[in-house]
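Please look at the structure shown here and follow the path set out below it, which moves from a single side chain to a helix and then to some aromatic rings.

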Amino acid sequence: MSGLQELDTSPVPDWVRCDGCGTLVYGKRWLRTLRCCPECGHHGPLTAGERLRLLLDPGSLRLLPFSVAEADPLGFTDSRPYPRRLSEARARTGLPEAVLGAVGEIEGCAVTVACMDFRFLGGSLGSVVGEIITRVGDVALASRTPLLLVTASGGARMQEGALSLMQMAKTSAMLARLDEAGLLTVSLVTDPTFGGVAASFATLCDVTVAEPRARLGFAGRRVVEQTIKETLPPNFQTAEFLLERGFIDFIAPRDRHRAELGKLLRAAVPRHPEPRGHGDDGDRADEVVVRDPARLRQDDPHGVVRRARRISRPTTLDYAALLLEEFRELAGDRVSGDCPAVVGGLGRLHGRSVVLIGHQKGHGPAELARRNFGMPTPAGYRKAARLMRLAAKLGLPVVTLIDTPGAFPGRLAEEQGQAVAIAENLKLMAELPVPVVAVVTGEGGSGGALALGVANRVLMWEDAVYSVISPEGCAAILWQDPAQTGRAAAALRLRSRDLLELGVVDGVLLEPPGGVDADPVAAARRLGLAIRSSLDDLDGLRGDKLRTDRHARFARYGAEYVRSAPAADLVREREAS
């Protein structure tokens, strides 16, 4: 296929009845709203051609020319022969199969696309469909462009038996090759996406986007209800249902697809930072980051704790909005949920693409409760780990903002493996092949904070704290007297000055007059300068050198208290014996 005649818009009657709410919509208005109901927001189906025109920049679309031979490996016949079904589908849709491959641009970013069409035998995954999708992936690999997969399917094609099942493995292996090559993969889930497609390439991409109310699942609703003999909730398997449970990154209405995908594509490409400005409104990194503890105030430790906990202090999302260009938050751990106490995503800091991850508390009672007061569950740490792996794949620096009383100490958190989730993050961060900069912006509470803190460079705000336990907890356990909280705060040496002396942090950011919450814009500017300076310092390190730098940083804590023979001597002694 070299022409674009396959992409003509399908005809629309004078009036269209919305499948979502039953409203009659004038046909021309239906087209203007991209086949979305203006009353209820229901997204009607699009052909593959319509969707490619919607997604790709005008004039950039080029279909990939695949020559398709008829496939009937089983000689299958049900109520009519399989070849006849294929012929009828081709005549009805004007397509050779249930997927189109194309290359083009989205907001100026090159992209390779495979787009499914549900009209063709329910978008089912047969041998030809699997082969085309795999070859589209090969084009993305050869051209080193991101891959976008647009899904609409009922599942594997029954008429091809086990051979259709093999396409799940083949397309999954293709995505693994793109992982190894460090290329971004994005899945755009449209309604419906089920069965073998849902259980392979639709859910294996780096980022999964869904249209509102799009359904995604392995078994269909009716099959599940018949199996378990229960009535399922109305939103079962919808995009909204899956977002809450951590299986998709975000929901984008159809008229926002190009803009959202463009933002994602731009942020996912490693970029050099913009040239430094002259003074950056009067601030320089060496003026706002203190390396000498003697320059810092000797404030009452308990008072510092209270200031660190002020709910008016900027949160991770506040800093993301003030610091990053085109920040795109990503959600979900892909296992069990989306913990709102940890947020993260892609954006650009002074032109440099980064992955930002941080604890999120909130500013009012409702948000604090919804965010669990910044105390993550295992899903939060797994989400952070997923984003770190994405950063490693794409070669992007990781920036973490730490502000938590600690990991959530609940029963469900323990049942879901809180300790394991934290431990796995520590190991993962130690081994990341990209630069990592961590900043304690408020409370640095125990292992729940450290799970985002294994970095090449660790900074903190002047009025932040970092400790193995809260002063209240320490007073209760060791003094067995809550009145000793202030004494415990002093003994723990949790202030920025103390931690700089101990070498736990590499620098302390001076807060604007009145604190970071008195002038969040100035605070964000200082934070951005400090992070940029740290990343600039790490620019010359790659892969193993970054890991070695990180290992050495944490290896020094406690090393002076233990003396032992060099490892080489121990080996020789063992060999001699």
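In this predicted model, a convenient place to begin is serine 187, which lies in strand 7. Serine 187 has a relative accessible area of 0%, and because buried means under 20%, this residue counts as buried. Its side chain is not without a polar partner, since a polar atom of the side chain of serine 187 lies 2.8 Å from the backbone oxygen of alanine 202. If we set aside the neighbours within four places in sequence, the residues in contact with serine 187 are Leu149, Thr151, Ala202, Cys205, Val207, Thr208 and Val209.

Strand 7 (185-194) also leads us to helix 5, for this strand is among the elements that cover the buried residues of the helix. Helix 5 runs over residues 161-181, and its 21 residues reach 32 Å from the first C-alpha to the last, which is close to the 30 Å expected at 1.5 Å a residue. Which residues of helix 5 are buried? They are Ser164, Gln167, Met168, Thr171, Met174, Leu175 and Leu178. Seen down the axis of helix 5, these buried residues fall within an arc of 130 degrees, and so they line one face of the helix. It helps to recall that an α-helix has 3.6 residues a turn, so residues three or four places apart point the same way. Besides strand 7, the cover over the buried residues of helix 5 includes helix 4 (127-143), strand 6 (147-153), helix 6 (195-198) and helix 14 (378-394). Just after helix 5 comes glycine 182, which takes a positive phi of about 75 degrees.

We turn now to the aromatic rings, where a pair is described by the distance of the centres and the angle of the planes. The model has three aromatic pairs. One of them joins phenylalanine 236 and phenylalanine 241, whose rings are edge-to-face, with 5.3 Å from centre to centre and 65 degrees between the planes. Phenylalanine 236 is buried at 17% relative accessibility, and phenylalanine 241 is buried at 12%. Another edge-to-face pair is formed by phenylalanine 554 and tyrosine 557, with 6.0 Å between centres and 75 degrees between planes. Here phenylalanine 554 is partly exposed at 27%, and tyrosine 557 is partly exposed at 33%.

Phenylalanine 554 has a charged partner as well, for the charged end of arginine 553 sits over its ring, 5.2 Å from the centre. Elsewhere, arginine 328 lies over the face of phenylalanine 250, at 3.7 Å from the ring centre.

Conventions: Residues are numbered from 1 along each chain as its sequence is written. This is a predicted model: local features need pLDDT of at least 70, side-chain atom pairs count only at pLDDT 80 or more; totals for chains, interfaces and linings use all residues. Side-chain values use heavy atoms; hydrogens and water are left out. Rings of Phe, Tyr and Trp (its six-membered ring) pair if their centres lie within 6.5 Å; planes under 30 degrees apart count as stacked, over 60 as edge-to-face and the rest as tilted. Buried means under 20% relative accessible area, exposed over 50%, partly exposed in between (1.4 Å probe, protein chains only). A charge sits over a ring if NZ of Lys or CZ of Arg is within 6 Å of the ring centre and within 35 degrees of the ring normal. Helices (H or I, at least four residues) and strands (E, at least two) are DSSP runs, numbered from the N terminus. The expected span of a helix is 1.5 Å times one less than its number of residues. The arc is that of the directions from the helix axis to the C-beta atoms. Contact means heavy atoms within 4.5 Å. A polar contact is a pair of N or O atoms within 3.5 Å; within protein, one must be able to donate a hydrogen and the other to accept it, and residues adjacent in sequence count only if both atoms are side-chain atoms.
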